[in-house]
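Where does a folded chain leave empty space inside, and which residues surround that space? The report below takes up these topics for one structure, together with the packing of one helix and a few individual residues.

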Amino acid sequence: MARYKPVHTGLKLLPVDFDRQVFPGSFEHALCHLVDHELDLSAFHSRYKNDTEGAPAFDPAALIKIILLAYSRGIISSRKIEAACRENVLFIAVSGDNQPHFTTLAAFVSELGDTVAKLFAQVLLICDRQGLIGREMFAIDGVKLPTNASKAKSGTRADYQRQVTKMEAAAKRMVDTHRQADAGPTDDAVAARDAKKLERLHKEAQQLREWLDKNTEDRQGAKGAVRLSNRTDNESAKMATGKGVVQGYTGVAAVDEKAQIIIEAQAHGTGSEQALLVPVVTATAAYRADTTVIAADAGYHSEANLKVLAEQQIDAYIPDNGYRKRDERYADQGIHKAKPDPLWDKRGTPRKTARFTPADFQLADDQSHCVCPAGKRLYSNDSNCTIGGYQALKFSGAQQDCLPCARRHECLRTPEKTKTRQVAFLQGKRDGPSETDKMKVKIDSDTGRHMITRRFATVEPVFGNLRGNKQLNRFTLRGRTKVDGQWKLYCLVHNIEKLAHHGYAA
């Protein structure tokens with residue numbers, strides 16, 4: 001029988017040279033060189049006032065190395081990071097054998113705030129110095145992630161007021177029941193349980209009252225609409241994702257095409273991507289050249305956004321929601337949508353029978369009337385109206401034709417209430433083509449289709465790295481400033497990786 005040398009596992013005492021654990025060309029080598037020789041950490045050092053009194057503190061440089069190394073390995077829990085600093089040789093070498101408590105690590109990340117933005121900017125300057133920023137195209141995209149907030153505690157002030165009323169009414173009923181039961185024998189276990197329930201009701205009602213007193217108005221969304229508040233993190237938002245509704249933030253990133261360096265990273269408590277485009281584009285001004293192209297997906301498309309970009313003379317490619325229907329390359333996309341997904345069934349519920357659209361009505365050559373699918377005439381009631389900025393021809397049916405029609409349920413949304421059908425034919429913009437119309441022409445061109453492909457190849461691998469390799473599936477903090485700092489930390493890890501891969505400090 002063949003004999004082999006023993007394989008040792010588990011505990012073994014070895015002499016370790018920390019300097020030899022960090023290999024040139026690796027992420028940790030680039031990280032240590034950056035922190036030790038490049039980054040200005042004076043903003044961190046100014047926080048400490050223990051020159052003559054107080055216990056020695058952990059060096060901010062060591063804490064930054066620990067946090068960024070942990071994030072690069074997909075470790076976000078402060079307890080797991082603490083354990084790694086005790087047990088993992090690489091963490092011990094990078095931290096200089098510092099073993100901070102998990103509360104120290106959690107507090108450090110939580111208190112970073114806007115300071116991490118300065119680190120992010122310094123690393124960007126180094127990336128630019130290394131020639132990793134091409135300034136040809138910035139691709140913008142975002143991801144919606146849950147945060148450390150309860151989705152069940154979202155609502156408007158009216159919702160919270162109703163909850164308080166119900167809690168106080170339930171507490172009053174319990175008190176009345178106890179008073180009636182005081183006259184006879186009682187079960188001690190039942191009485192203790194009811195007392196705890198009553199105490200919890202009073203406590204929750206008091207917390208709601210305090211929140212209502214502190215927040216006197218509802219949050220305002222786009223166009224003055226009321227946005228849901230959240231009692232655990234009022235800067236977060238309830239947003240719909242492909243895997244359900246989450247309470248969290250949207251992390252947005254602008255990525256340079258040349259080496260996929262993240263130029264700008266922001267986290268916002270809103271699920272509306274349209275509201276996030278202009279702030280991100282504005283923040284990239286320092287790195288943007290006159291010829292830089294901005295590319296984003298259809299979620300960022302709006303007439304208002306396109307107008308802002310046009311006024312600033314920024315070349316942009318932002319498709320509308322219908323661009324796939326006009327592109328023959330997506331002609332067979334229905335085949336893939338029909339495939340079942342083990343995690344989420346994309347087929348959805350079958351829709352109700354659609355009503356007749358203007359395309360089902362035949363417009364007369366002289367535009368004096370149109371004919372409905374049932375063969376009845378609809379007559380013009382306003383030959384010079386405007387709908388959404390478009391000139392339109394509007395027609396209405398006669399009651400004597402519409403009321404007895406057997407196809408009312410196919411034509412009217414509410415046939416039991418609406419008497420006649422009205423239909424409008426859009427003719428064109430009154431004030432010339434809109435920015436949306438101009439963008440459709442750009443997107444449908446060969447250059448536009450090529451830019452969509454370039455955008456996808458630039459930004460999607462970045463989010464795949466952050467979410468897949470770095471296992472970023474949620475934010476652990478509360479408040480936009482703190483979450484924004486944590487999002488920038490992850491993007492900082494990505495940029496340092498790019499520096500390492502391109503031979504920085506090797």
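What follows describes the enclosed cavities, then one helix and its packing partners, and then four single residues of this predicted model.

**Enclosed cavities**

Rolling a probe the size of a water molecule over the atoms shows where empty space is left. In this predicted model, the count comes to two cavities of 30 Å³ or more. The largest cavity holds about 160 Å³ of space, whereas the second largest cavity has a volume of about 40 Å³.

Around the largest cavity there are 16 lining residues, and those that lie nearest its centre are Cys-372, Cys-402, Cys-405, Cys-411 and Arg-421. Two helices, H14 (399–402) and H15 (408–411), each supply at least two residues of this lining. Sorted by class, the lining of the largest cavity has ten nonpolar residues, one polar residue and five charged residues.

The second largest cavity is lined by Ile-64, Ile-67, Leu-68, Phe-108, Leu-112, Leu-119 and Leu-489. Helix H3 (residues 60–72) gives the largest share of this lining, namely three residues. By class, the lining of the second largest cavity has seven nonpolar residues, with no polar and no charged residues.

**Helix H16 and its partners**

Which residues of helix H16 (residues 435–444) are buried? They are Thr-436, Asp-437, Met-439 and Ile-443. These four residues lie on the same side of H16, because they cover an arc of only 160° around the axis. The buried residues of H16 pack against several helices, which are H11 (303–311), H12 (323–326) and H17 (446–469). They also pack against the strands S10 (315–317), S14 (390–397) and S15 (422–429).

**Single residues**

Four residues can be set side by side by their place in the chain and their relative accessible area.

| Residue | Location | Relative accessible area |
|---|---|---|
| Leu-13 | segment before helix H1 (27–38) | 80%, exposed |
| Ser-26 | segment before H1 | 15%, buried |
| Gln-367 | loop between strand S11 (362–363) and strand S12 (369–371) | 38%, partly exposed |
| Gln-471 | loop between H17 and helix H18 (480–501) | 47%, partly exposed |

Leu-13 is found in the segment before helix H1, and Leu-13 counts as exposed because its relative accessible area is 80%, where exposed means over 50%. Measured out along the chain, Leu-13 and Ala-289 are 276 residues apart in sequence, and from C-alpha to C-alpha they are 56 Å apart in space.

Ser-26 is also found in the segment before H1. At a relative accessible area of 15%, Ser-26 is buried, since that term applies under 20%. A polar atom of the side chain of Ser-26 lies 2.6 Å from the backbone oxygen of Phe-23.

What is the sign of phi in Gln-367, positive or negative? Gln-367 has a positive phi of about 60°, although this residue is not a glycine. Gln-367 lies in the loop between strands S11 and S12, and at 38% relative accessibility it counts as partly exposed.

Gln-471 is likewise a residue other than glycine with a positive phi, in this case near 55°. Gln-471 is found in the loop between H17 and H18, and with 47% relative accessibility Gln-471 counts as partly exposed.

Notes: Residues are numbered from 1 along each chain as its sequence is written. This is a predicted model: local features need pLDDT of at least 70, side-chain atom pairs count only at pLDDT 80 or more; totals for chains, interfaces and linings use all residues. Side-chain values use heavy atoms; hydrogens and water are left out. On a 1 Å grid over the protein atoms alone, a cavity is a set of points where a 1.4 Å probe fits but cannot get out, and a pocket is an open set with protein on both sides within 12 Å along at least five of seven lines; lining residues have an atom within 4 Å of a point. Grid points are joined across faces, edges and corners, and a volume is the space filled by probe spheres set on the points. Ala, Val, Leu, Ile, Met, Phe, Trp, Tyr, Cys and Pro count as nonpolar, Asp, Glu, Lys and Arg as charged, and the others, Gly among them, as polar. Buried means under 20% relative accessible area, exposed over 50%, partly exposed in between (1.4 Å probe, protein chains only). The arc is that of the directions from the helix axis to the C-beta atoms. Contact means heavy atoms within 4.5 Å. A polar contact is a pair of N or O atoms within 3.5 Å; within protein, one must be able to donate a hydrogen and the other to accept it, and residues adjacent in sequence count only if both atoms are side-chain atoms.
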